[in-house]
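Grab your viewer and work through a few exercises on side-chain contacts. Each one comes with a solution in steps.

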Amino acid sequence: MTAASRVTATARVASVVFGAARIVLGALWLHEGLFKFGAHFGRADILLVADGASAGGRVPEYFSVFAGAVLRNWPGLFGVLTPVMETALGVALILGVFTMPAALASVSTLMLYWSSDQLIAQYPIMGVLSAVVLAWPVFAARWSTTALVAWLSQRRGRRYVLFDGPLRQWL
């Protein structure tokens, strides 16, 4: 086996492994969002989080301030947006659309949940998977909807700036 073929084989394996990490992360987010829809997650749940933040000693002060100023004032909005956002994250990651922004949103959302002392067993796993996708976004998105669109456009003789160079990792 030549050095070039080893690199190609390694890249192929990496794209499968990191792509699988992206899809598993997406499935976990999709599960979270759909579960909340099924459980009729809403205003009351957000108010519980806000109340817990003001009463809990394990909640950092910055989140207590956020909960009091934002969550308590718009619980209905956040009650709707939370499952919508989780479901959208899941779909984006599974399809491989905007992989890097979705992974960043995943980490940010998990940090917000951890700050609010909302800890679920799969959140650490989701955090690790998010970090993996962020560390190797090009491999994680190699087998994705974006890669398919780029391949089809290239095959038709069209080249788009978004699909080449440093911008590619954001898709």
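**Exercise 1.** Is lysine 36 buried or exposed? Then work out which partners its charged end has.

*Solution.* Keep in mind that this is a predicted model.

Step 1: The relative accessible area of lysine 36 is 12%. The cut-off for buried is under 20%, so lysine 36 is buried.

Step 2: Look for an acid. Glutamate 86 makes a salt bridge with lysine 36, with 3.1 Å between the closest N and O atoms. Glutamate 86 sits in helix α4 (residues 75–95) and lysine 36 in helix α1, so the bridge ties together parts 50 residues apart in sequence.

Step 3: Check the acid too. Glutamate 86 has 0% relative accessibility, so it counts as buried.

Step 4: Now look for a ring. The charged end of lysine 36 also sits over the ring of phenylalanine 41, 5.6 Å from the ring centre.

**Exercise 2.** How many salt bridges does a search of the whole structure find? Take two that involve arginine and classify their residues by exposure.

*Solution.* Step 1: The search turns up four salt bridges.

Step 2: Start with aspartate 51 and arginine 72, whose side chains meet at 2.7 Å, N to O. Aspartate 51 belongs to helix α2 (residues 43–55) and arginine 72 to the loop between α3 and α4, so this pair ties together parts 21 residues apart in sequence. With 38% relative accessible area, aspartate 51 is partly exposed; arginine 72, at 34%, is partly exposed as well.

Step 3: Next, aspartate 117 bridges to arginine 58, the closest N and O atoms being 2.5 Å apart. This links the loop between α5 and α6, home of aspartate 117, to the loop between α2 and α3, where arginine 58 lies, 59 residues away. Aspartate 117 is partly exposed at 29%, whereas arginine 58 is exposed at 61%.

**Exercise 3.** Which residues lie in one aromatic cluster with Phe18? Pick apart a pair from the cluster, then try a pair within a helix.

*Solution.* Step 1: Phe18 clusters with Trp136 and Phe139.

Step 2: The structure has six aromatic pairs. One of them joins phenylalanine 18 to phenylalanine 139, at 6.2 Å centre to centre with 40° between the planes, which makes the pair tilted. Phenylalanine 18 is in helix α1 (residues 3–38) and phenylalanine 139 in helix α7 (residues 137–140), 121 residues apart.

Step 3: Phenylalanine 18 is buried at 15%, while phenylalanine 139 is partly exposed at 29%.

Step 4: Phenylalanine 63 and phenylalanine 66 form a tilted pair too, 5.7 Å between centres and 50° between planes. Both are in helix α3 (residues 61–71), three residues apart, about one turn of the helix.

Notes: Residues numbered from 1 in each chain as written. Predicted model: local features only at pLDDT ≥ 70, side-chain atom pairs only at ≥ 80, totals over all residues. Heavy atoms only, no water. Phe/Tyr/Trp six-rings, centres within 6.5 Å; stacked < 30°, edge-to-face > 60°. Helix = DSSP H or I, 4+ residues; strand = E, 2+ residues; numbered from the N terminus. Buried < 20%, exposed > 50% of the residue type's maximum accessible area, 1.4 Å probe, protein only. Lys NZ or Arg CZ within 6 Å of the ring centre and 35° of its normal.
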